[in-house]
Amino acid sequence: MAIAKLSGDASNNVIGEKSYFTGSFNINGSLRIDGRFEGKSLKSDQLYIGPEGRVRTNIEAVSVIVEGLIIGNINATSRVLLMPTAKVYGDIRTPELIIQNGVLLEGRCTIANDLRTSAGDVIKAEYEKNRIIPEDLFKKTPGQGRQDR
């Protein structure tokens, strides 16, 4: 198992074609995967999975661009872009999801600006605001129903 923690604002790191990496990978900066990665977790600022890239783990990143294959969940705090050759088997949580024509995806997608709160709970709460109760609309009040002539 390897854990890499790099300093600096940006770093360009690559798991090249025909390379294989296993374990947990935590990286500050960007990571491009053109080979294979399998492990417990993958954390990066910017993650790019190239057309030949194969990943089997859960991903946490700021942004993710996928052209290759991922088996695992993706949690991105900014955006996920699935290019036409992308294949994803897992759930996606992100504020912005862009899916191009040709993508193969099986999983649940949660798209919300605040990923700490359940999107379902937010939607249900919004639905309940200013709720109209049909029974209240048709309740008869005293004096209602008779006509004064």
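The exercises below, each with a worked solution, concern a predicted model of one protein chain.

**Exercise 1. Determine how many helices and strands the chain has and in which order they run.**

Solution. Begin with the count: the chain holds two helices and twelve strands. Next, follow the chain from the N terminus: the order of elements is β-β-β-β-β-β-β-β-β-β-β-β-α-α. To complete the overview, consider burial and surface. Of the 149 residues, 34% count as buried. The accessible surface of the chain amounts to about 10000 Å², and 49% of it belongs to carbon and sulfur atoms. Finally, among contacts between residues at least 6 apart in sequence, 2% join residues at least 24 apart.

**Exercise 2. Trace the strand pairing from β1 to β4, giving the sense and a residue pair for each step.**

Solution. The starting point is strand β1 (residues 12-15), which pairs with strand β3 (residues 30-33) in the parallel sense over four bridges. Here valine 14 is placed opposite arginine 32 in β3. The following step leads from β3 to strand β4 (residues 36-49), again a parallel pairing over four bridges. In this pairing, serine 30 has glutamine 46 of β4 as its bridge partner.

**Exercise 3. State which strands pair with β5 and over how many bridges.**

Solution. Take the partners in turn.

- β4 pairs with strand β5 (residues 54-66) in the parallel sense over eleven bridges; the bridge partner of tyrosine 48 is isoleucine 65 in β5.
- Strand β6 (residues 69-71) pairs with β5 in the parallel sense over three bridges, and arginine 56 stands opposite isoleucine 71 in β6.
- Strand β7 (residues 74-82) runs parallel to β5, joined by seven bridges, and valine 64 stands opposite valine 80 in β7.

**Exercise 4. Classify the ring pairs of phenylalanine 25 and explain why one of them ties together separate parts of the chain.**

Solution. The count of aromatic pairs in the model is three. For phenylalanine 21 and phenylalanine 25, the centres are 4.8 Å apart and the planes stand at 55°, a tilted pair. The second pair is formed by phenylalanine 25 and phenylalanine 37: with centres 6.4 Å apart and planes at 40°, this pair is therefore tilted. Now locate the two residues: phenylalanine 25 is in strand β2 (residues 20-26) and phenylalanine 37 in strand β4, so the pair ties together parts twelve residues apart in sequence. Turning to burial, phenylalanine 25 has a relative accessibility of 11%, so phenylalanine 25 counts as buried. Phenylalanine 37 is buried as well. In conclusion, Phe21, Phe25 and Phe37 are linked into a cluster by ring pairs.

**Exercise 5. Find which residues tyrosine 20 contacts when neighbours within four places in sequence are left aside.**

Solution. First place the residue: tyrosine 20 belongs to strand β2. With the neighbours within four places set aside, tyrosine 20 is in contact with Arg36 and Glu38. A distance adds to this picture: the C-alpha atoms of tyrosine 20 and glycine 35 are 6.1 Å apart, although the two residues are 15 apart in sequence.

**Exercise 6. Describe the salt bridges of glutamate 96, aspartate 91 and lysine 129, and the exposure of the residues involved.**

Solution. The model has four salt bridges in total, and three are treated here.

Step one: glutamate 96 pairs with arginine 79, the closest N and O atoms being 3.2 Å apart. Glutamate 96 lies in the loop between β9 (92-94) and β10 (97-99) and arginine 79 in strand β7, so the pair ties together parts 17 residues apart in sequence. Glutamate 96 is partly exposed at 31% relative accessible area, and arginine 79 is partly exposed at 36%.

Step two: aspartate 91 meets arginine 108 at 3.2 Å, N to O. Aspartate 91 lies in the loop between β8 (87-89) and β9, and arginine 108 in the loop between β11 (104-106) and β12 (109-111), 17 residues apart. Aspartate 91, at 24%, is partly exposed, whereas arginine 108, at 62%, is exposed.

Step three: lysine 129 and glutamate 126 meet at 3.3 Å, N to O. Lysine 129 counts as exposed at 51%, while glutamate 126 is partly exposed at 49%. The cut-off for exposed is over 50%, so the two residues receive separate labels.

**Exercise 7. Identify which residues form a nonpolar patch on the surface, and place isoleucine 132.**

Solution. The patch consists of Ile132, Leu137 and Phe138, with about 390 Å² of accessible area together. Isoleucine 132 is found in the loop between α1 (119-128) and α2 (134-137). Its relative accessibility is 60%, so isoleucine 132 counts as exposed.

Definitions and conventions: Residues are numbered from 1 along each chain as its sequence is written. This is a predicted model: local features need pLDDT of at least 70, side-chain atom pairs count only at pLDDT 80 or more; totals for chains, interfaces and linings use all residues. Side-chain values use heavy atoms; hydrogens and water are left out. Patches are made of residues with over 30% relative accessible area and no salt bridge: like charges are joined within 9 Å, nonpolar side chains (Val, Leu, Ile, Met, Phe, Trp, Tyr) within 5 Å. Accessible areas come from the Shrake-Rupley method with a 1.4 Å probe; for residues, only the protein chains shown count as cover. A salt bridge is a side-chain nitrogen of Lys or Arg within 4 Å of a carboxyl oxygen of Asp or Glu. Buried means under 20% relative accessible area, exposed over 50%, partly exposed in between (1.4 Å probe, protein chains only). Contact means heavy atoms within 4.5 Å. Two strands pair if DSSP finds at least two bridges between them. Rings of Phe, Tyr and Trp (its six-membered ring) pair if their centres lie within 6.5 Å; planes under 30 degrees apart count as stacked, over 60 as edge-to-face and the rest as tilted.
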